[in-house]
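Please explain how this structure is held together, for a reader who has not met it before. The account should go from contacts between charged side chains to helix packing and then to the nonpolar interior.

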Amino acid sequence: MGSALMLGTESYITDMDGFSLGTLVVRVAIGLTMAVHGYGKFFRGGRIPGTAAWFDSMGMRPGKLHALLAASTEIGAGLLLAFGLLTPLAALAFVALMVVAGWTVHRNNGFLIVAGGWEYNFVLAIIAVGIAATGPGKYSLDYQLELIENFDGVTGLLISAVGGIAAAITQLALFYRPPATE
């Protein structure tokens with residue numbers, strides 16, 4: 001039963017394998033969920049033309065550009081997070097995607113997803129930020145390639161959360177023109 005050993009105000013993880021295994025499970029679960037979501041935009045339902053028309057109808061113009069960018073980013077960020085590669089940047093993309101989706105599609109429906117709200121977007125973004133802050137664990141490409149030393153902790157949190165929100169705000173400011181309500 002591994003947990004954390006508390007010494008003063010610092011916490012030391014005594015079971016790195018357990019932490020890394022738990023992080024791996026979460027990374028793969030939300031990473032593949034996001035990648036499958038992007039895959040669906042390319043290969044299911046209305047595909048890119050249908051997604052483009054939907055984006056145009058909600059005010060994300062040009063719709064085709066945003067459909068391609070959203071689908072590609074969902075697949076790319078999802079796979080990066082699942083593999084634990086460039087984790088803070090993958091998390092940044094998660095946050096940006098979820099803020100834009102929450103704002104354009106779900107914000108008028110309140111918080112709860114059962115009412116079409118932004119709860120799911122929030123949870124995916126927060127999990128991604130949490131992973132960026134804690135680091136992807138030793139079962140990740142970042143760890144194997146020694147890329148995590150300077151990009152977890154506060155740095156990972158800032159890259160993912162602040163960078164993701166800034167990217168979303170920029171995208172919304174440049175491209176979001178909601179249709180007039182009657």
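In this predicted model, the side chains of lysine 138 and aspartate 17 meet in a salt bridge, with a distance of 2.3 Å from N to O. Lysine 138 belongs to the loop between α5 (119–134) and α6 (141–144), while aspartate 17 belongs to helix α1 (residues 16–43), so the bridge ties together parts that are 121 residues apart in sequence. Lysine 138 has a relative accessibility of 22% and therefore counts as partly exposed. Aspartate 17 is likewise partly exposed, at a relative accessible area of 37%.

A search of the whole structure finds two salt bridges. The other joins glutamate 74 to lysine 41, and here the closest N and O atoms are 3.1 Å apart. This pair also links distant parts of the chain: glutamate 74 is in helix α3 (residues 63–83) and lysine 41 is in helix α1, 33 residues apart. Are these two partners buried or exposed? Glutamate 74 has a relative accessible area of 5%, which means that it is buried. Lysine 41, at 10% relative accessibility, counts as buried too, because the limit for that class is under 20%.

Lysine 41 also takes part in the packing of two helices. Two packed helices are described by the angle between their axes and the distance between the axes. For α1 and helix α2 (residues 47–58), the angle is about 100 degrees and the axes are 5 Å apart. Since angles of 65 to 115 degrees count as roughly perpendicular, α1 is roughly perpendicular to α2. On the α1 side, the contact is made by Lys41, Phe42 and Phe43; on the α2 side, by Arg47, Ile48, Thr51 and Phe55. By character, the residues of this contact divide into four nonpolar, one polar and two charged.

The discussion now turns to the nonpolar interior. The largest nonpolar core has 18 residues, and those touching the most other members are Ile30, Met34, Leu81, Phe94, Met98, Leu124 and Ala128. Which elements give two or more residues to this core? They are α1, α3, α4 (87–106) and α5. The largest share, seven residues, comes from α4. Apart from this core lies another, of eight residues, among them Phe55, Met60, Leu172 and Tyr176. Phe55 is also one of the α2 residues that meet α1.

Individual residues show how the largest core is connected. Isoleucine 30 is placed in helix α1 and counts as buried, at 8% relative accessibility. Leaving aside neighbours within four places in sequence, isoleucine 30 is in contact with Leu81, Phe94, Leu124, Ile127, Ala128 and Ile131. By contrast, isoleucine 30 and glutamine 171 are 23 Å apart in space, C-alpha to C-alpha, and 141 residues apart in sequence.

Leucine 81 has, with neighbours within four places in sequence left aside, contacts with Arg27, Ile30, Gly31, Thr87, Ala90, Phe94 and Ile131. One of these partners, threonine 87, is found in helix α4. Threonine 87 has a relative accessible area of 1% and is therefore buried. Not counting residues up to four places away in sequence, threonine 87 touches Leu81, Ile131, Ala132, Pro136 and Asp142. Ile131 thus appears among the contacts of isoleucine 30, leucine 81 and threonine 87.

Note on methods. Residues are numbered from 1 along each chain as its sequence is written. This is a predicted model: local features need pLDDT of at least 70, side-chain atom pairs count only at pLDDT 80 or more; totals for chains, interfaces and linings use all residues. Side-chain values use heavy atoms; hydrogens and water are left out. A salt bridge is a side-chain nitrogen of Lys or Arg within 4 Å of a carboxyl oxygen of Asp or Glu. Helices (H or I, at least four residues) and strands (E, at least two) are DSSP runs, numbered from the N terminus. Buried means under 20% relative accessible area, exposed over 50%, partly exposed in between (1.4 Å probe, protein chains only). Axes are lines fitted to C-alpha atoms, for helices over the stretch in contact, and angles run from 0 to 180 degrees between N-to-C directions. Angles under 35 degrees count as roughly parallel, over 145 as roughly antiparallel, 65 to 115 as roughly perpendicular and the rest as oblique. Contact means heavy atoms within 4.5 Å. Ala, Val, Leu, Ile, Met, Phe, Trp, Tyr, Cys and Pro count as nonpolar, Asp, Glu, Lys and Arg as charged, and the others, Gly among them, as polar. A nonpolar core is a set of buried Ala, Val, Leu, Ile, Met, Phe, Trp, Tyr and Cys residues joined through side-chain atoms within 4.5 Å.
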